[in-house]
Amino acid sequence: MFGLGKTTLASKVYNDSRISYEFFSVIWIYVGQSYNMKDIFLILLRYFTKRIREYQDEDVNGLAQIIHDFLAKGGKCLIVLDDVWDSQVVNSLVKVFPKNNKGHRIMMTTRDTSVANYGNENPHNMKFLTVAESLELLNGIIFGNERCPVELVGFVESIAQKCSGVPLAIVTIAGTLLRCTKVSDWQRVEKKVEQHLMDRGDPSSCLKFVNTSYTLLSEEMQACFLYFGVFPQAFNVPAWKLIRLWLAEGLIKPNGSQALEETAKNYLNNLVNRNLVTALQKSCDGNVKTCCVQGMLHQFCKEEASSKWLFQEVRPTPDQAILTIQDPVASRRLCIQSSALNDFLFAEPLAEHVRSFYCFSSEKRQIELSGNDIQLIPKAFPLIRVLDIQSFNFVFSKDDFNRLFHLRYIAISADFKSLPKSFGKFWNLQTLILNTSTSKSTLDIKANIWNMLRLRHLHTNIPAKLPPPPHSPKGKASCLQTLSVVSPESCTKDILAKACNLKKLSIQGRMIDFLGTSKGGWCNLEELKCLEHLKMLNDIHSWGKTLHIPPLFFKFLRTLKKLTLLNTWFDWSEAERLGQLECLEVLKLKENAFAGESWRPERGGFSQLQILWIERADLKIWEASELHFPRLRHLVLISCDRLQAVPCELAGVPSLQEMSLENTYRAVKSAREIERKKMDSTKFKLTIFPPEVEYYEPTN
């Protein structure tokens, strides 16, 4: 991320007298995007000799050798590389240092996380300022040692907050505020902070810093980045939903044999690594779960996307009595805040060229619209392909909605107990997201989803009861890759055979019958030859009956990489059956997944397991070593308050890099001991929460 103070901090280190004392030579080189390695070497050479002309005709390798010879004769050297965009710069520069054990060092600043990690496995990541720190910096620049006038306090606090913790933004907006002589001037700036920061006519604005990162992106990635502008500012975007939208919009193009979803995931990770997108949450395996773009970047996305007609924001303006579309012919994608939707629909818009319509709310509560108002949407956009209107309660009242045959993506909220049969006519649909507020425990899918040959992802917030597929021996397999969530009763042999391409499956409901060893639905999982992620959530406790992991469970899930269990109450002695899953990399044992006080795993299992998550277990004694988890990389223990110790033998697992303990007080001492042992050999990170808990000696 630009503007966090990387160069400022590096400059303070560079100019510190202690650095000058420690290093014989301290050299600062600005690199930038369009760097030339020969020019960098010539700049470096100037610090050792004034006869630069003698070396102008040397090539890069020759210059590297000459600098190497100078460094070999002199003392310890620190080279500061500012604004590095390519790891090759570090690669080339390392070669000039002689191996004379003098302790030469390179310090660099970069916006790209991958470049930073290339230079150092543990780079110093600059943090955003807190609101209090932002306020202190803004007040200091404008008022110095004087107090802020009472009539301006509210404006200063609001402006500081809108700068999103970016020091450069605060410094830039302070330059504008220093020219304000009236309270009305402050009010005008406060209302349009982001616009001032991205002012194309102001050379001192932050726009040029955003452009340097943006112009390096490919055209596809630029469109994917700008697409964040359709969401409200500071909106937490689920990564899976963002990727589904990118695909539905056709923003992701085929890339050889790589699946489109993988290409999209790589794009998102790339945007995060370039610090254009902020990863708000990451899964334990390092994938982005939720993300957003910060204030200035969000404003940039909206303005740049609007200028390229990528999408248009429908918003009220002072000179507009009726809320309308700016250009109904040129507009292809429209986004609107839910608070303005009523006024927009009141005008009965008509825009047959619009292909996408988004209505998001930054608030958690849904808005209420009448059935007549909602029916204006299909009338306004008859050729629409992407419809995300989860911010209000959808009402099915007429057949107009069912004529939207071009839909590829639907995300709606409604108080429906079943999905109408008419949804089966959406033959082009790829993603269907349903959020119901019904009091029923399941959602009955009456639509024939098996005729929707392009449907790849079905998401519901309560378990779905799927219809049986038509009995046709020559029927084509479904394209479904995601079912989340479905009831155990829907996991019949016919249904799973039809959905044989599933990669992600979440099952929620009464699991006692599903896991029955004789005729349980778990046997039908054999039909899923591509399944990688499986969740089993038991939300109905069967008193007097115990759930068991079937002995042959592993034989039916040979491709499974990630398994999540919740409220299954298995006995710890049966955990070995999960250890036989030959491809399992991530195992999440959520609340009451297993019951019992001790776990003594057998050797030879969990051969590929990298991440183990245990949450809210009554586990007291756990014995394990590198023989039981040979490839374990990350261990997470949450609210395991009875666990006496983390097995100290886990320190012998060469791959173990991270351990997190949250409200697992008794095991803190043993975790510290593992940390002590690991520090001697490899990189290791231990996180303990609450942080003030250092040791807890059990009383029994």
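Visitor: What lies over the face of W613, at 4.6 Å from the ring centre?

Guide: K588 does. A charge sits over a ring if NZ of Lys or CZ of Arg is within 6 Å of the ring centre and within 35 degrees of the ring normal. The 4.6 Å of K588 is within the 6 Å limit, so the distance part of the rule is met. K590 also has its charged end over the ring of W613, 5.5 Å from the centre.

Visitor: What kind of model is this, and how are residues numbered?

Guide: This is a predicted model, where local features need pLDDT of at least 70 and side-chain atom pairs count only at pLDDT 80 or more, while totals for chains, interfaces and linings use all residues. Residues are numbered from 1 along each chain as its sequence is written, and side-chain values use heavy atoms, with hydrogens and water left out.

Visitor: Why is the pair of W572 and F594 called stacked?

Guide: Rings of Phe, Tyr and Trp (its six-membered ring) pair if their centres lie within 6.5 Å; planes under 30 degrees apart count as stacked, over 60 as edge-to-face and the rest as tilted. The count by this rule is 25 aromatic pairs. W572 and F594 are 4.8 Å apart, centre to centre, with 20° between the planes. Both values are inside the limits, so the pair is stacked.

Visitor: Where in the chain are W572 and F594?

Guide: The pair links distant parts, 22 residues apart. W572 is in the loop between strand 20 (570–571) and helix 22 (576–579), and F594 is in strand 22 (residues 594–595). Helices (H or I, at least four residues) and strands (E, at least two) are DSSP runs, numbered from the N terminus. Both W572 and F594 are buried. They belong to one aromatic cluster with F570, W599, F606, W622 and F629.

Visitor: What makes L443 count as buried or exposed?

Guide: Buried means under 20% relative accessible area, exposed over 50%, partly exposed in between (1.4 Å probe, protein chains only). L443 has 1%, so L443 is buried. L443 lies in strand 14 (residues 443–445).

Visitor: Which residues does L443 touch, leaving aside its neighbours within four places in sequence?

Guide: Contact means heavy atoms within 4.5 Å. The contacts of L443 include F416, L419, L434, I462 and P463.

Visitor: How many residues of helix 14 are buried?

Guide: Nine of the 10 residues in helix 14 (residues 239–248) are buried. Among them are K241, R244 and W246. Just after helix 14, G250 takes a positive phi of about 75°.

Visitor: Why is the contact of R333 and E249 called a salt bridge?

Guide: A salt bridge is a side-chain nitrogen of Lys or Arg within 4 Å of a carboxyl oxygen of Asp or Glu. R333 and E249 meet at 2.9 Å, N to O, so the rule is satisfied. The pair links parts of the chain 84 residues apart: R333 is in strand 8 (residues 333–337), and E249 is in the loop between helix 14 and helix 15 (260–273). R333 is buried at 14%, and E249 is buried at 11%. The salt bridge count is 18.

Visitor: What makes R558 and E582 a salt bridge, and where do they lie?

Guide: Their side chains meet at 3.2 Å, N to O, which is within 4 Å. R558 lies in the loop between strand 18 and strand 19 (562–566) and E582 in the loop between helix 22 and strand 21 (586–589), so the pair ties together parts 24 residues apart in sequence. R558 has 39% relative accessibility, so R558 counts as partly exposed. E582, at 41%, is also partly exposed.

Visitor: Which residues make a nonpolar surface patch of about 240 Å²?

Guide: I141, V171 and L178 make the patch. Patches are made of residues with over 30% relative accessible area and no salt bridge: like charges are joined within 9 Å, nonpolar side chains (Val, Leu, Ile, Met, Phe, Trp, Tyr) within 5 Å. Accessible areas come from the Shrake-Rupley method with a 1.4 Å probe; for residues, only the protein chains shown count as cover. I141 is in helix 7 (residues 131–143). I141 has 32%, so I141 passes the 30% limit and counts as partly exposed.
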